[in-house]
Amino acid sequence: MKCVICNRETDAKGYCELHAKAYQNINERYVIWKEALETSWKEYLSEIVKNQLTGEWAREVAKYLIDSGEK
Ligand SMILES: [Zn+2]
């Protein structure tokens, strides 16, 4: 399989190791965000993309999720 974002070969489904890790981080942080700010998933993702402090991997994953319309 290939990573849906960077086309690197991967054993896992969908994401390569680095993007899978970034995806996991995004999900974990959303739990905290949701409780503090009642932010929707989409709003949260666009915050990640806008945030200067976001790492390159996480930004790519967030962009991909927005484009693919995943909830
Ligand atoms: Zn990747």
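Here are some notes on a predicted model with a zinc site and a pair of packed helices.

1. Ground rules. This is a predicted model, so local features need pLDDT of at least 70 and side-chain atom pairs count only at pLDDT 80 or more, while totals for chains, interfaces and linings use all residues. Residues are numbered from 1 along each chain as its sequence is written, and side-chain values use heavy atoms, with hydrogens and water left out.

2. The zinc site. What holds the zinc ion on the protein side? The donors are C3 (SG), C6 (SG), C16 (SG) and H19 (ND1), at 2.0 to 2.3 Å from the metal. A donor here is an N, O or S atom within 2.8 Å of the metal (3.2 Å for Na, K and Ca), and sites may look incomplete because water is not among the atoms. Along the chain the donor residues follow the spacing C-x2-C-x9-C-x2-H. C3 and C16 both sit in the segment before α1 (17-37), so this pair ties together parts that are 13 residues apart in sequence.

3. Its geometry. The 4 donor atoms subtend angles of 104 to 115 degrees around the zinc ion, which makes the arrangement tetrahedral. The cut-off for that label with four donors is that all angles lie between 85 and 135 degrees. For reference, the ideal angle for four tetrahedral donors is 109.5 degrees.

4. How covered are the donors? Buried means under 20% relative accessible area, exposed over 50%, and partly exposed in between (1.4 Å probe, protein chains only). C3 is buried at 1% relative accessibility, C16 is buried at 4%, and H19 is buried at 0%. C6, in the segment before α1, is partly exposed at 25%.

5. Neighbours of H19 and C6. H19 belongs to helix α1; helices are DSSP runs (H or I, at least four residues), as strands are (E, at least two), numbered from the N terminus. Not counting residues up to four places away in sequence, H19 touches C3, I5, C6, W57, E60 and V61, where contact means heavy atoms within 4.5 Å. With its neighbours within four places set aside, C6 is in contact with C16 and H19. C6 and E56 are 50 residues apart along the chain, and their C-alpha atoms are separated by 12 Å.

6. The helix pair. The axes of α1 and helix α2 (residues 41-50) come within 11 Å and cross at roughly 120 degrees. Axes are lines fitted to C-alpha atoms, for helices over the stretch in contact, with angles running from 0 to 180 degrees between N-to-C directions. From α1, the residues N25, I26, N27, R29, Y30 and W33 meet W41, Y44, L45, E47 and I48 from α2. This contact divides into 7 nonpolar, 2 polar and 2 charged residues (nonpolar: Ala, Val, Leu, Ile, Met, Phe, Trp, Tyr, Cys and Pro; charged: Asp, Glu, Lys and Arg; polar: the others, Gly among them).

7. Y44. This α2 residue is buried, with a relative accessible area of 1%. Beyond its neighbours within four places in sequence, Y44 is in contact with N25, I26, R29, Y30, W33 and T39. Y44 and Y30 are 14 residues apart in sequence, and 7.2 Å apart from C-alpha to C-alpha.

8. Backbone check. Most residues other than glycine have a negative phi. N7 has a positive phi, near 65 degrees, and E38 has one of about 50 degrees. N7 is in the segment before α1 and is exposed at 53%; E38 is in the loop between α1 and α2 and is exposed at 70%.

Definitions and conventions. Tetrahedral: all angles 85-135°; square planar, octahedral: opposite > 155°, others 65-115°.
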